[in-house]
Amino acid sequence: MANIVRLPSGVRYHLDVGFGGDGPTRPIPLVSGASVQNLGTQEARLLYDNISKESQRKQNHWIYQCRNGVDKEWNSFYCYPDLEFFQEDFEVINRFAAWEFLKRDLIVTVKFIRNGEEGEILQHQETLVHIPDGPDEVHIAGKIMLVNNEVKLNMGRKTKVIETLDTEAARMKALRKWFSICLD
């Protein structure tokens with residue numbers, strides 16, 4: 001689920017806070033092909049285009065894409081039509097996703113790290129990628145992820161495993177330590 005925010009000026013932005021590690025770290029203007037700097041050398045953009053599965057090429061979707069450097073290929077992650085959805089639509093979608101989603105055994109937690117919040121996490125990092133912030137801008141310096149039994153850190157260059165978890169108790173401890181999530 002992505003949110004589209006329309007400002008009083010009429011300018012629209014794509015906001016997606018729930019996608020995960022390759023998700024956008026800032027709002028993206030709803031302008032086809034306009035890219036924004038994401039984490040480190042990664043760029044993100046939206047294209048308003050059709051997708052290969054469509055039998056009628058006149059239908060366009062907003063396609064979210066990322067690439068990990070200017071010399072890399074763009075990867076498409078998801079798309080959506082330019083339609084307004086209502087509460088009932090989301091209830092149907094969520095019901096299907098809750099009952100039919102195939103990855104129920106995958107555990108994923110992602111926390112974006114803002115400049116100034118690095119603290120203990122930076123002890124695992126050799127070099128911090130620095131992109132100057134504007135006066136009102138919050139810069140995402142990195143991300144920490146728990147994927148099944150591994151805690152991974154990416155400070156804008158390469159993802160590396162910083163902790164391996166061998167028990168459920170270790171996973172609960174890692175959720176508390178790295179993400180401030182306390183579960184019984």
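## Sheet and aromatic cluster in a predicted model

Strand E4 and strand E5, the latter covering residues 43–49, pair in the antiparallel sense over 3 bridges. The model described here is a predicted one, and residue numbers follow each chain from 1 as its sequence is written. Within the pairing of these two strands, Ser35 has Arg45 in E5 as its bridge partner. Arg45 also takes part in a contact with an aromatic ring, for its charged end sits over the ring of Trp74, 4.0 Å from the centre of that ring.

The two strands belong to an open sheet of 4 strands, which has the order E4-E5-E6-E7 and antiparallel pairing. Strand E4 (35–37) and E7 stand at the edges of this sheet with a single partner strand each, so one side of each is left without a neighbour in the sheet. On average, and with direction ignored, neighbouring strands of the sheet are turned by 20° against each other. As general background, strands of a sheet pair through backbone hydrogen bonds, either parallel or antiparallel.

Aromatic residues form a further part of the picture, and the count of aromatic pairs comes to 3. A pair of aromatic rings is described by the distance of the centres and the angle of the planes. Two of the pairs, both involving Tyr64, are set out here.

| Pair | Centre to centre | Angle between planes | Arrangement |
|---|---|---|---|
| Tyr64 and Phe77 | 6.2 Å | 45° | tilted |
| Tyr64 and Tyr78 | 5.1 Å | 20° | stacked |

The pair of Tyr64 and Phe77 links distant parts of the chain, since Tyr64 lies in strand E6 (residues 61–67) and Phe77 in strand E7 (residues 75–81), 13 residues apart. The pair of Tyr64 and Tyr78 likewise links distant parts of the chain, with Tyr64 in strand E6 and Tyr78 in strand E7, 14 residues apart. The planes of Tyr64 and Tyr78 stand at 20°, so this pair is stacked. Taken together, ring pairs link Tyr64, Phe77 and Tyr78 into a cluster.

How buried or exposed are the members of this cluster, Tyr64, Phe77 and Tyr78? Tyr64 has a relative accessibility of 0% and therefore counts as buried, and Tyr78 is buried as well, with a relative accessible area of 19%, a value that falls under the 20% cut-off. Phe77, by contrast, is partly exposed, with a relative accessible area of 35%.

Conventions
This is a predicted model: local features need pLDDT of at least 70, side-chain atom pairs count only at pLDDT 80 or more; totals for chains, interfaces and linings use all residues. Side-chain values use heavy atoms; hydrogens and water are left out. Rings of Phe, Tyr and Trp (its six-membered ring) pair if their centres lie within 6.5 Å; planes under 30 degrees apart count as stacked, over 60 as edge-to-face and the rest as tilted. Buried means under 20% relative accessible area, exposed over 50%, partly exposed in between (1.4 Å probe, protein chains only). A charge sits over a ring if NZ of Lys or CZ of Arg is within 6 Å of the ring centre and within 35 degrees of the ring normal. Two strands pair if DSSP finds at least two bridges between them. Axes are lines fitted to C-alpha atoms, for helices over the stretch in contact, and angles run from 0 to 180 degrees between N-to-C directions.
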